[in-house]
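Here is a friendly walk through one protein model, with rings, sheets and helix packing on the route. Have your viewer ready and follow along.

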Amino acid sequence: MASDSDRLRALKAFDHTKAGVKGLVDAGVTTIPSIFHHPLPIERTDHDQHFTIPVIDLAAATGGTTTTPSKRVELVGAVKAAAETVGFFQVVNHGVPKAAMSEILMAVQGFHEQPREAKAPYYTRDLGRPVRYWSNFDLFQSPAAQWRDTLYMQITPELPQLEEIPPACRPIALEYARLMQQLGRTLLELLSEALGLDPGHLEEDAACLERLAGHYYPPCPEPHLTLGTTRHSDPCFLAVLLQDAVGGLQVLLENNNNNNNNNNKLSAVWVDVPAVEGALVVNVGDFLQIVSNNRFKSVEHRVVAQSAGPRVSVVCFFRRQDAATSTRVLGPIVADGEARFRSTTMAELIRHNRAKGLDGTSALQHLRL
């Protein structure tokens, strides 16, 4: 077993290549380095699929159909049910053209499949850089590395002028960000109404697309030993994911149908989030679970490693652009009963999340009352 000093040397050597996991695959590895080995066994998946991830038609909110008050109420009810139970749902008729979805996936894949020399100038661990490419933001913190590379873009008013955006991604990244901003506002209006609030209530803090992440999961020669992304929840109000057809995304859901014990205790199972043609995946973030006083669920999720691939996805995170430094207080809206979380600032929650990395623990546990 490698010592801590040996592991640190291996991590630094991997990071120094600036080639990411894709570089290992290009080098023809047939066994994965030990820094990627996760504790075994990796938890089971609900292969029987007792659960399904809701698919919600947004046509009544995006102009895809004639809107009536009853259709709006029905739509808000569907969003409320999904946010309160599963915390994940897929949306169709969302107003984002399929052509734009295909183009952003191709652009992200094209960036990651460039030669190392073309990508290396973007490789950095400097969080001050608005555009950065790296493998594992928590490479030196997490117990095991993950089989994934990522291109991050901070969404700021200056983004259109940023020459740092890779040329192949620049036009579609700007257009896709604009489309996501519109969709995010629609979703947050529905979620506000689902909480019994005015449609614009969540908009001030949440209706801002803060960053876009283009993930690339190369095929893995030993997928049973590692993960593409370890279990985690998202430090934001809302995340909207575009995934290709490869699959691998799973959510951790409570199962009260466990007949293997007499106490009928809740157990948890990993449930696949299948690729649905033309759909986008929406999940509640930690910030929204706090504000909703635990009514909406920020569910832990992961991506399993696979021998097939690559898997390509693009995720958009909604929170204030200055969230990492904001002293804005996040506190639960208590309609009745008691607060389930203590109040905190966005900056505090983000600092906590970065410090712990994707270590398989909930970022909200220390805030529970």
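Leaving aside its neighbours within four places in sequence, which residues is A82 in contact with? They are P54, I56, G87, F88 and F89, where contact means heavy atoms within 4.5 Å.

Before going further, a word on the ground rules. This is a predicted model, in which local features need pLDDT of at least 70 and side-chain atom pairs count only at pLDDT 80 or more, while totals for chains, interfaces and linings use all residues. Residues are numbered from 1 along each chain as its sequence is written, and side-chain values use heavy atoms, with hydrogens and water left out.

**Around A82**

A82 belongs to helix α4 (residues 69-85); helices (H or I, at least four residues) and strands (E, at least two) are DSSP runs, numbered from the N terminus. With a relative accessibility of 3%, A82 counts as buried; the classes are buried under 20% relative accessible area, exposed over 50% and partly exposed in between, with a 1.4 Å probe and protein chains only. A82 and F296 are 214 residues apart in sequence, yet their C-alpha atoms are 8.5 Å apart in space.

**The chain as a whole**

Ten helices and 14 strands make up the chain's secondary-structure list. The radius of gyration is 20 Å, close to the 21 Å that the globule rule gives for 369 residues, so the chain is as compact as a globular protein of that length. That radius is taken over C-alpha atoms, and the rule is 2.2 Å times the number of residues to the power 0.38. Along the principal axes, the C-alpha trace spans about 60 × 60 × 40 Å. Buried residues account for 52% of the 369 residues. Of the contacts between residues at least 6 apart in sequence, 77% join residues at least 24 apart.

**Two open sheets**

Strands of a sheet pair through backbone hydrogen bonds, either parallel or antiparallel. Here, two strands count as paired if DSSP finds at least two bridges between them.

One open sheet has eight strands in the order β1-β2-β10-β7-β12-β5-β4-β3, with mixed pairing. At its edges stand β1 and β3, each with a single partner strand, so one side of each has no neighbour in the sheet. From one strand to the next, the twist averages 25°. Strand β3 runs antiparallel to β4 (residues 149-154), joined by four bridges. Within that pairing, R132 has Y152 in β4 as its bridge partner.

Helices pack on this sheet too. Helix α4 touches β1, β2 (88-92) and β10 (280-284), and its direction makes about 160° with that of β1. Helix α7 (residues 170-194) lies across β2, β4, β5 (209-217), β7 (238-243), β10 and β12 (311-318), at about 130° to β7. For these angles, axes are lines fitted to C-alpha atoms, for helices over the stretch in contact, and angles run from 0 to 180 degrees between N-to-C directions.

Another open sheet has four strands in the order β6-β11-β8-β9, with antiparallel pairing. Its edges are β6 (227-232) and β9 (267-272), each with a single partner strand, so one side of each is left without a neighbour in the sheet. Neighbouring strands here are turned by 30° against each other on average, direction ignored. Strand β8 (residues 249-255) pairs with β9 over six antiparallel bridges, and Q250 stands opposite D272 in β9.

**Rings and charges**

How many aromatic pairs does a search of the whole structure find? The search finds seven, counting rings of Phe, Tyr and Trp (its six-membered ring) with centres within 6.5 Å; planes under 30 degrees apart are stacked, over 60 edge-to-face and the rest tilted. Two of the pairs are set out below.

| Pair | Centre to centre | Plane angle | Class |
|---|---|---|---|
| F14 and F36 | 5.5 Å | 90° | edge-to-face |
| F111 and Y133 | 5.4 Å | 80° | edge-to-face |

The first row links F14 in helix α1 (residues 4-17) with F36 in the loop between α2 (20-26) and β1 (55-57), 22 residues apart. F14 is buried at 7% relative accessible area, and F36 is buried at 0%.

The second row joins F111 in helix α5 (residues 98-112) to Y133 in strand β3 (residues 131-134), 22 residues apart. Both F111 and Y133 are buried, and ring pairs link F111, Y122, Y123 and Y133 into a cluster.

Charges also sit over rings, meaning that NZ of Lys or CZ of Arg is within 6 Å of the ring centre and within 35 degrees of the ring normal. The charged end of R132 sits over the ring of Y152, 5.6 Å from its centre. R211 lies over the face of F317, 4.1 Å from the ring centre.
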